[in-house]
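Me: I'd like to go through this one by question and answer, keeping it casual. Ready to have a look?

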Amino acid sequence: MALDQSFVGRTYPPTKPYEVGREKIREFAEAVGEANPVYTDQEAAKAFGHPDVIAPPTFVFAITYRAAGSVIQDPQLGLDYSRVVHGSQKFAYTRPVRVGDRLTVTSTIEAIKSLAGNDVLDIRGEVHDEAGEHVVTAWTKLVARAAEEA
């Protein structure tokens, strides 16, 4: 069953703040094999003009994807998550994510398409810091594969 097009434009409430920690950034950088010292060494980050270590660009995926859960779990939308695969991801930064940031994410459904029986859902996550300043916009494309015929 195709997803309801009337959900396009629906915005979900902001998430609770997520506090970015130095250790979380270090762990993430190591997990993705990122060797740039601005992600793990405070002095190296300062040498590049940052007050502390910054997060690798894809770090924010963890919080934007969690925020997209409000969309995914919306019973009115009717998305069958057992059939979902991650289609794509992209980011547009205003500034890097930094240690000590308290970030909130507001998710909006940008598009719903049906392609060859598959539902394609585009979700935009707007990430702001505690002062309300924009940090990054993340776009997530999810594909709910068509049910196999018996």
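**Rings, helix and charges**

Me: Is F59 buried or exposed?
Reply: This is a predicted model, so the call rests on computed accessibility. The relative accessible area of F59 comes to 6%. Anything under 20% falls in the buried class, so F59 is buried.

Me: What about F28, which class does that residue fall in?
Reply: The relative accessible area here is 21%. The buried class stops at 20% and the exposed class starts over 50%. That leaves F28 as partly exposed.

Me: How do the rings of F28 and F59 sit against each other?
Reply: There are three aromatic pairs in the structure. In the F28 and F59 pair, the ring centres are 5.5 Å apart and the planes make an angle of 85 degrees. Planes over 60 degrees apart get one label, so this pair is edge-to-face.

Me: And how many residues apart are those two along the chain?
Reply: F28 belongs to helix α1 (residues 22-31), while F59 is in the loop between α2 (42-47) and α3. The pair therefore links distant parts of the chain, F28 and F59 being apart by 31 residues.

Me: On to α3: what end-to-end distance do its C-alpha atoms show?
Reply: Helix α3 covers residues 61-72, which makes 12 residues. At 1.5 Å a residue, the expected span is 16 Å. The model agrees with that, because the end C-alpha atoms are apart by 15 Å.

Me: Which strands help cover the buried residues of α3?
Reply: The residues being covered are I63, T64, A67, A68, G69, V71 and I72. What covers them includes β1 (18-19), β2 (84-93), β3 (102-115), β4 (118-128) and β5 (134-144).

Me: After α3 the chain heads for β2, and D74 is in that loop. Which residues does D74 touch beyond its sequence neighbours?
Reply: D74 counts as buried, at 11% relative accessibility. Its C-alpha atom is 9.8 Å from that of Y12, although D74 and Y12 are 62 residues apart along the chain. Skipping neighbours within four places in sequence, the contacts of D74 are F7, R10 and Y12.

Me: Now charges. How far apart are the closest N and O atoms of R95 and D101?
Reply: The structure has 12 salt bridges, and R95 with D101 is one of them. Both R95 and D101 are buried. The closest N and O atoms of this pair are apart by 2.9 Å.

Me: R102 pairs with E130; how many residues apart in sequence are the parts this pair ties together?
Reply: In this salt bridge the closest N and O atoms are 3.0 Å apart. R102 is in strand β3 and E130 is in the loop between β4 and β5, so the parts tied together are apart in sequence by 28 residues.

Me: Which strands does the salt bridge of D122 and K141 join?
Reply: The closest N and O atoms here are 2.7 Å apart. D122 and K141 tie together parts that are 19 residues apart in sequence, because the two lie in strands β4 and β5.

Me: Which residues form a network through shared salt-bridge partners?
Reply: D122, just mentioned, is buried at 13%, and K141 is partly exposed at 26%. The network linked by shared partners is made of E19, R102 and E130.

Me: Last one: which residue has K90 over its ring face?
Reply: The distance from K90 to the ring centre is 5.1 Å. The ring belongs to W139.

Terms used. Residues numbered from 1 in each chain as written. Predicted model: local features only at pLDDT ≥ 70, side-chain atom pairs only at ≥ 80, totals over all residues. Heavy atoms only, no water. Helix = DSSP H or I, 4+ residues; strand = E, 2+ residues; numbered from the N terminus. Expected span 1.5 Å × (residues − 1). Buried < 20%, exposed > 50% of the residue type's maximum accessible area, 1.4 Å probe, protein only. Contact = heavy atoms within 4.5 Å. Phe/Tyr/Trp six-rings, centres within 6.5 Å; stacked < 30°, edge-to-face > 60°. Lys NZ or Arg CZ within 6 Å of the ring centre and 35° of its normal. Salt bridge = Lys/Arg side-chain N within 4 Å of Asp/Glu carboxyl O.
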